[in-house]
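Please open the structure in your viewer and keep the sequence panel beside it. The stops below are meant to be taken in order, with a selection to make at each one.

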Amino acid sequence: MRLKAQGELTRGPDFRLLADLDVDVDGVAALVGASGAGKSSLLRLISGFEPHATVTVEVDGERWQAADRTGSAVPAHRRAVGTVFQESRLFPHCTARGNLEFAGRSRRPGVKLAFDEVVHVLDLEPLLGQYPHELSGGQRQRVALGRTLLAPAKLWLFDEPMSALDPASRREIAPYLYDLCRRHAVPIVYVSHSLPEVLAIADQVWIASAGSVTAVDSLPAFSTALDHPLMSDDQAGAVIACRFKSFDARYGLSELVFADAPLFVPGDLSAVGGPILLHIPARDVSLSTTAIDQVSILNRVAGTVDAIVQDGEAALVRVGCGEQSLLARVTRRSVDELRLEPGTRVLALIKSVAVRTTAELGPQP
Amino acid sequence: MSVAEDILLSAWVTGLLALTTTAVLLLVSPPLAWWIAQTRSRWRPLVEAFVALPLVLPPTVLGFYLLLALAPGGPFGAIAQALGGAPLAFTFTGLVIGSIIYSLPFVTGPLSAAYRTTDGQLLEAAASLGASPTTRFLRLVLPLHRKALVAAGVLGFAHTVGEFGIVLMIGGNIPGETRVLSIALFDRVEMLDYAGAHAIAALLLAFAVIVLTFTYRWLRT
């Protein structure tokens with residue numbers, strides 16, 4: 001789906017959002033940025049809740065509103081966009097079933113899921129007869145999620161929908177959502193404050209900062225950009241795409257190829273088709289300027305330092321390895337002792353990797 | 001006609017008038033109140049003023065203009081005659097029209113006050129689910145404020161039962177047709193029949209107290 005949002009939204013003297021998006025949305029686009037950067041406002045623009053904004057919104061060539069306000073904006077209820085809000089926004093006078101059935105009445109175009117399927121997968125059966133005030137926060141959000149899935153849509157907007165859920169329900173629902181997105185070809189724009197969440201679900205990343213939404217990155221490019229707002233997270237680190245080579249049953253290790261170097265990863269990944277995405281936390285990457293032979297760390301990749309930024313008491317070093325990059329978090333003292341600077345040849349020692357298996361998540365672009 | 005017969009017949013006319021008026025108002029007022037509550041039209045203050053007129057004008061003023069409009073030579077009276085009906089002045093139908101106008105603010109006012117408190121986030125959620133403005137009104141706003149609707153209906157009914165000035169101007173005093181309780185009371189006092197007046201006054205007072213008490217109690221539950 002082609003999504004275009006270009007123009008300026010002002011609300012009062014203090015808020016201004018510059019949108020300059022013209023992107024193909026496929027799969028999950030994570031929208032990240034500090035609070036007040038305009039993430040929710042962008043979603044409101046797309047949904048049709050800012051019909052008077054001087055912003056052009058187009059979806060697949062269909063103009064929903066024009067920056068010069070020519071013609072009238074397509075009203076929110078006719079836009080094939082479903083939104084899951086931060087708050088559940090369930091209708092208090094309806095039971096969970098009533099809320100779900102409310103969504104099924106619309107005849108606008110778009111993908112619409114079967115009632116029974118949604119109820120089954122989100123485990124809503126026991127909640128159907130209850131009113132919103134009788135449900136827990138997580139249960140309410142689960143019903144709200146189901147309600148959105150039941151209204152016809154070509155695009156789903158998730159405005160931090162998991163923030164009210166406990167970690168267990170989050171883990172349970174996220175893969176289901178992702179799977180849905182693939183099977184029904186409904187792209188999702190997903191606002192998130194959590195780097196692990198972004199790393200787990202995103203195919204592309206949009207960054208909102210200082211009132212503008214522009215940058216659109218692939219996940220590997222986003223994960224090694226040193227200036228984005230989630231970089232100070234403990235989980236910061238490169239996402240790299242590797243190729244499967246072989247599985248060694250003796251040690252239970254898969255051998256992958258990354259930038260011409262072998263990487264050994266626990267488990268049999270032979271069944272994964274296409275590139276395998278690995279997340280390598282920067283804190284688990286050490287750097288050496290000399291070749292080391294006798295060390296327990298299996299994964300060593302040669303590369304060239306291309307950027308260094310200070311990160312509190314430590315430093316984040318980006319190492320270019322062929323077309324891709326790794327991130328390493330090292331002490332500032334190490335930077336000085338190893339005389340690291342852009343252009344220095346280094347060996348990256350990787351202590352741990354997390355596989356983002358693409359098999360259950362669908363093909364990567 | 002005995003006092004008891006007079007009271008019974010007048011009570012019947014009064015009840016029928018109040019029921020008819022309330023039924024019409026419950027159809028007309030909710031959309032009007034919703035329009036007033038959420039429109040940004042520059043005509044809103046004018047519409048609100050017209051709805052609120054009966055609150056401030058003496059009923060006789062409204063009654064006088066209605067009498068002119070409903071009389072055989074007046075615009076509404078002429079229309080009614082052209083359609084093959086009788087002129088509306090001094091008929092039950094004319095009384096219903098007057099009562100609707102007179103009780104409109106008592107139904108529309110509380111409703112639009114209630115509708116103004118509608119959670120905008122819920123309306124947005126409904127729109128995002130594909131609900132048109134009409135669907136949002138019928139399936140969200142109306143049921144969310146169903147208590148306000150009942151309360152407004154009761155208020156409209158009770159107020160119609162208690163009206164006097166307009167009826168006096170346009171209804172006249174035809175037993176079984178336009179003679180309502182408040183007129184019957186006035187008549188009894190004029191005839192110095194204080195016993196009959198007491199009966200009617202006490203009936204109206206008891207009705208008002210009981211209805212209002214039960215309504216307020218129900219609103220709290």
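The tour begins with the confidence of the model, then visits a hairpin and two loops.

Before selecting anything, bear in mind that this is a predicted model, with an ipTM of 0.85 and a pTM of 0.83. If you colour by confidence and look at chain B, its average pLDDT is 91, and 100% of its residues score at least 70.

Next, select residues 314-321 of chain A, which make up strand β17, and add residues 324-331, which make up strand β18 of chain A. The two strands run antiparallel and are joined by eight bridges; in one of these pairings, A:C321 has A:Q324 of β18(A) as its bridge partner. Together β17(A) and β18(A) form a hairpin with two residues between them, and in that turn A:G322 has a positive phi of about 65°. If you then show the surface over β18(A), you should find the strand mostly covered, since six of its eight residues are buried.

Now move to A:D60, in the loop that links β4 (54-59) to β5 (62-65) of chain A. Most residues other than glycine have a negative phi. A:D60, although not a glycine, has a positive phi of about 50°, and this residue is partly exposed, with a relative accessible area of 45%.

Finally, select A:D260, which sits in the loop between β12 (253-258) and β13 (261-266) of chain A. A:D260 is likewise a residue other than glycine with a positive phi, here near 70°. Its side of the story at the surface is plain: A:D260 is exposed, because its relative accessible area is 80% and the cut-off for exposed is over 50%.

Definitions and conventions: Residues are numbered from 1 along each chain as its sequence is written. Chains are lettered from A and ligands numbered from 1 in the order in which they are written. This is a predicted model: local features need pLDDT of at least 70, side-chain atom pairs count only at pLDDT 80 or more; totals for chains, interfaces and linings use all residues. Side-chain values use heavy atoms; hydrogens and water are left out. Helices (H or I, at least four residues) and strands (E, at least two) are DSSP runs, numbered from the N terminus. Buried means under 20% relative accessible area, exposed over 50%, partly exposed in between (1.4 Å probe, protein chains only). pLDDT is the predictor's confidence in each residue, from 0 to 100. Two strands pair if DSSP finds at least two bridges between them.
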